[in-house]
Amino acid sequence: MGNLPRRSFTPEFKAEIVCRRGDRSVGQIAKDFDLIETAVRDWVKQAEVDTGEREGLTSSEREELTALRRENRRLREDVDILKRATAFFAKETR
């Protein structure tokens with residue numbers, strides 16, 4: 001396999017694939033829609049989590065976790081900048 005560009009799919013597309021699955025296997029649905037089987041399997045698992053059929057973080061919880069991690073990283077950077085500025089100004093006033 002070469003370096004194919006990574007395709008991205010909307011949540012609506014993923015939901016449509018999961019809904020169309022019916023009684024077909026993940027392998028068959030992947031083949032029918034020219035998708036990677038592991039990706040389809042992940043979509044099915046996430047749909048099961050979202051509907052409460054499986055334990056795990058729902059899609060909205062995953063989005064919230066990602067946003068909180070991003071905000072946490074930004075706040076840590078802000079604190080670091082403030083610490084450096086405080087140290088700089090402490091030297092300047094001596």
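A residue is called buried when its relative accessible area is under 20%, exposed when that figure is over 50%, and partly exposed in between. Keep that scale in mind, since it comes back throughout this walk through a predicted model. Try it on Arg 24: its relative accessibility is 29%, so Arg 24 counts as partly exposed.

Now step back and look at the whole protein. How many helices and strands are there? You'll find four helices and zero strands. Trace the chain along its sequence and the pattern reads α-α-α-α. The radius of gyration is 22 Å, well over the 12 Å that the globule rule gives for 94 residues, so the protein is more spread out than a compact globule. You can also picture a box drawn along the principal axes: the C-alpha atoms fill one of roughly 75 × 40 × 20 Å.

What about the inside and the outside? Buried residues make up 11% of the 94 residues. The accessible surface, meanwhile, comes to about 8,200 Å², and carbon and sulfur atoms account for 52% of that. Then there's the question of which parts of the chain touch. If you take the contacts with a separation of 6 or more, 23% of them join residues 24 or more positions apart.

Let's zoom in on one of the buried residues. Gln 46 sits in helix α3, which covers residues 37-50. Its relative accessibility is 17%, and because the cut-off for buried is under 20%, Gln 46 counts as buried. Which residues does Gln 46 touch, leaving aside its neighbours within four places in sequence? They are Leu 57, Thr 58, Ser 59 and Arg 62.

Helix α4 spans residues 59-92, and Glu 61 is part of it. Glu 61 has a relative accessible area of 36%, so this residue is partly exposed. Compare its position with that of Asp 50: the two are 11 residues apart in sequence, and their C-alpha atoms are 9.6 Å apart in space.

Next, the charges. The protein carries 20 positive and 19 negative ones, and the mean positions of the two sets are 7 Å apart. Side chains of opposite charge can pair when their charged atoms come close. In this structure there are six salt bridges, and three of them are worth a visit here.

Back at Arg 24, the partner is Asp 32, with 2.7 Å between the closest N and O atoms of this salt bridge. Asp 32 is partly exposed, at 39% relative accessibility.

Another salt bridge brings together the side chains of Glu 48 and Arg 54, at 2.9 Å from N to O. Glu 48 comes in at 22% relative accessibility, so Glu 48 counts as partly exposed. Arg 54 is partly exposed as well, with a relative accessible area of 38%.

For the last stop, head to helix α4 again, where Asp 78 and Arg 74 are found. Their salt bridge has its closest N and O atoms 3.0 Å apart. How are these two placed along the helix? They are four residues apart in helix α4, so about one helical turn separates them. Asp 78 is partly exposed at 33% relative accessibility, and Arg 74 is partly exposed at 43%.

Technical notes:
Residues numbered from 1 in each chain as written. Predicted model: local features only at pLDDT ≥ 70, side-chain atom pairs only at ≥ 80, totals over all residues. Heavy atoms only, no water. Buried < 20%, exposed > 50% of the residue type's maximum accessible area, 1.4 Å probe, protein only. Rg over C-alpha atoms; globule rule 2.2 N^0.38 Å. Contact = heavy atoms within 4.5 Å. Areas by Shrake-Rupley, 256 points an atom, 1.4 Å probe, with all protein chains shown as cover. Lys, Arg positive; Asp, Glu negative; His and termini not counted. Charge placed at Lys NZ, Arg CZ, Asp CG, Glu CD. Salt bridge = Lys/Arg side-chain N within 4 Å of Asp/Glu carboxyl O.
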